[in-house]
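Have your viewer ready, with side chains switched on. We will go from stop to stop, selecting a few residues each time.

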Amino acid sequence: MAKTLTRRELLSGGLGLGMALGGSGFPLAKSSLSPIRFRNVAQAAGLGFTVHNHPTPQKHLIETMTGGIAVFDYNQDGLPDIFFANGAQLPSMAKSEPKYFNRLYRNDGGMRFTDVTAEAGVAGRGYSMGAAAADYDNDGQVDLFVAGVFRNLLYRNLGHGRFEDVTEKAGIKSDKWSVAAGWFDYDNDGWLDLYVVNYAQFSMDDNRFCGDRDRNIRTYCHPRYFEGLSGTLYRNRGDGTFEDVTVKSGIARHIGRGMSVAFADYDGDGFMDAFVTNDNQPNFLFRNRGNGTFEEVGLLSGVALTDNGEPVSSMGVDFRDYDNDGRPDLIVTDLANETFQLFRNIGKGMFEDASYPSGLATLTAPLSGWGDGFVDFNNDGWKDLFTADSHVDNNVSLFEATQYKQPNTVFANDGHGAFLNVSRQAGADFQIPQAHRGVAFADFNRDGKVDAVTSSLRGPAELWQNVSPDAHHWIILKLVGRKSNRDGIGATVRIGNQANLMTSAVGYASSSHFGVHFGLGNVQKIDRIEIRWPSGVEQVLRGVSADQFLEVREPAA
């Protein structure tokens, strides 16, 4: 049996990445953790975007939920670009002024960005919510889907910096309040399929009063007043069009108030599964049967509810291995006094609620989280946690002992099953509260450290350059499939005991499409990289140097 190295051995040059998880993980002393530091460079970078959600006295719930982000290299220059979803004027839900346009910023290098919305043709229509990036037509150009309120948009990347709106001719509907979406190849045919997350039945004419009538204080209504919907699953036909397979796949039978979706092959059977967060309803885990249908196993697998048996305000989600045991785990954000949910994959299709043993339950109880992601920010070989925080209600302090605007948080993974809140050490400007919503991740300046970009309602976007001081090693893989599934979505990569997944569905209504990142500690030469491609092809790379962006092409079967 291979030796499982300690965190100390990893940082001194060992390559195995292992951990022991007992009933509770005790944090290391703060001084023993590699520091995580951020600097907000949005203004200097030219990233002058604000989410305009058009809040009204009527408190329409859609006003609280826009703000998704997509990070992807739209012009194939090797630099990740940034797309922001934006709201619209109410009640018309029209982008009546440029301030409501969705925005695309081109990465010019050196942490400088240029607004290219007009020339790219992606200003959009309607009240947009979320975004999802992937190459759905296998032409080598990353495309973009934008979810919205009765207005979904599919943009085909034409190359040369331009997109074409192909929504209608592709067969994509706009008949529901859609919040988010994600790309995955559920039938392993080499063409990426689309899961659209729908929230609830909604009408601008529905004007229920919620709040305190005696004080004439109105607030946003609780989700229980909104009847949920199923998600929508579109199968990619491979000819530029999609078939709605929501009913035949079994997805239609499961009604929830969907917020976000993430994908992983959690049971290791070779087929991608889907996890959907639901607002104040049990979460869904759709197990892929491999025959075009899904079985909903959230309750049976232990991820539908928290340990106390109650549904919570589940919002953002990431689905990847935080404890280096090779199995993808789940992190779910929610509102203050609910605690974020950490579901540890214990194998055989089962998860355990690790929120308390990891320390996250106590650390997150005062927080309200939206976007989130497991990312190794200090490149020490253990994935840390970033969350974009804010309450839903802009007047919540009149009703509860919590704040609407909140700072982001970053939790360092101690390598022993626990997380530490290191936000106060992350930088002075990291403490500034905003009405955060989306967050996406990429190495924007190609220094090997993963950065973050966040959106905020009626507040400036933040571009968090990772300036963590320790000079740990790293590698970022860009996967290139053969003629099908060109961007390798669904591929699993292993280095030592670390595992990571090529996926673009991360966080709340957002998308991070930049490759597969590994922190390597003091390892300068990687003995072995194992890649399992979605096609089933297994590839091994040996003797790979660290500190590089490595393009890997899928070999012939």
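The tour below begins with aromatic rings, moves on to strands and ends with some backbone details.

A word on the ground rules: the model is predicted, so local features need pLDDT of at least 70 and side-chain atom pairs count only at pLDDT 80 or more, while totals for chains, interfaces and linings use all residues. Residues are numbered from 1 along each chain as its sequence is written, and side-chain values use heavy atoms, leaving out hydrogens and water.

**Stop 1: aromatic pairs**

Select every Phe, Tyr and Trp to begin. Searching the whole structure gives 33 aromatic pairs. Rings of Phe, Tyr and Trp (its six-membered ring) pair if their centres lie within 6.5 Å; planes under 30 degrees apart are stacked, over 60 edge-to-face, and the rest tilted.

Now narrow the selection to tryptophan 177 and tyrosine 199. Their ring centres are 4.7 Å apart and their planes stand at 50°, so this pair is tilted. Tryptophan 177 sits in the loop between α4 (167–170) and β10 (178–184), and tyrosine 199 in the loop between β11 (193–198) and β12 (211–212), so the pair ties together parts 22 residues apart in sequence. Helices (H or I, at least four residues) and strands (E, at least two) are DSSP runs, numbered from the N terminus. Both tryptophan 177 and tyrosine 199 are buried; buried means under 20% relative accessible area, exposed over 50%, and partly exposed in between (1.4 Å probe, protein chains only).

Next, pick phenylalanine 386 and phenylalanine 441. Here the ring centres are 5.8 Å apart and the planes at 80°, so the pair is edge-to-face. This pair links distant parts of the chain, with phenylalanine 386 in strand β25 (residues 384–389) and phenylalanine 441 in strand β28 (residues 436–442), 55 residues apart. Phenylalanine 386 and phenylalanine 441 are both buried. Widen the selection, and you will find that ring pairs link Phe38, Phe377, Phe386, Phe430, Phe441 and Trp464 into a cluster.

**Stop 2: charges over rings**

Show arginine 437 with tryptophan 370: the charged end of the arginine sits over the ring, 4.0 Å from its centre. Such a placement requires NZ of Lys or CZ of Arg within 6 Å of the ring centre and within 35 degrees of the ring normal. Then try arginine 215, which lies over the face of phenylalanine 399 at 5.6 Å from the ring centre.

**Stop 3: β28 and its partner**

Is β28 enclosed or open? Seven of its seven residues are buried, so β28 is largely enclosed by the rest of the structure. Add strand β29 (residues 451–456), which pairs with β28 in the antiparallel sense over five bridges. Two strands pair if DSSP finds at least two bridges between them. To line them up, find histidine 436, which stands opposite serine 456 in β29.

**Stop 4: a four-stranded sheet**

Colour β24, β25, β26 and β27: in that order they form an open sheet with antiparallel pairing. At the edges are β24 (369–375) and β27 (419–421), each pairing on one side only. Strand β26 (residues 409–413) is joined to β27 by three bridges, and asparagine 413 stands opposite phenylalanine 419 in β27.

**Stop 5: asparagine 157**

Centre on asparagine 157 in strand β8 (residues 153–159). This residue is buried, with a relative accessible area of 0%. Its side chain reaches the backbone oxygen of tyrosine 74 at 2.9 Å. Leaving aside neighbours within four places in sequence, asparagine 157 is in contact (heavy atoms within 4.5 Å) with residues including Asp139, Arg162 and Phe163.

**Stop 6: backbone details**

Most residues other than glycine have a negative phi, and most peptide bonds are trans. With that in mind, select leucine 90 and proline 91, which are joined by a cis peptide bond with omega about 10°. Proline 91 lies in the loop between β3 (81–84) and β4 (103–109).

Glutamine 76 has a positive phi, near 55°, and is placed in the loop between β2 (69–72) and β3. At 33% relative accessibility, glutamine 76 counts as partly exposed. Finish with asparagine 379, whose phi is also positive, near 55°. Asparagine 379 is found in the loop between β24 and β25, and at 2% relative accessibility this residue counts as buried.

Definitions and conventions:
A polar contact is a pair of N or O atoms within 3.5 Å; within protein, one must be able to donate a hydrogen and the other to accept it, and residues adjacent in sequence count only if both atoms are side-chain atoms.
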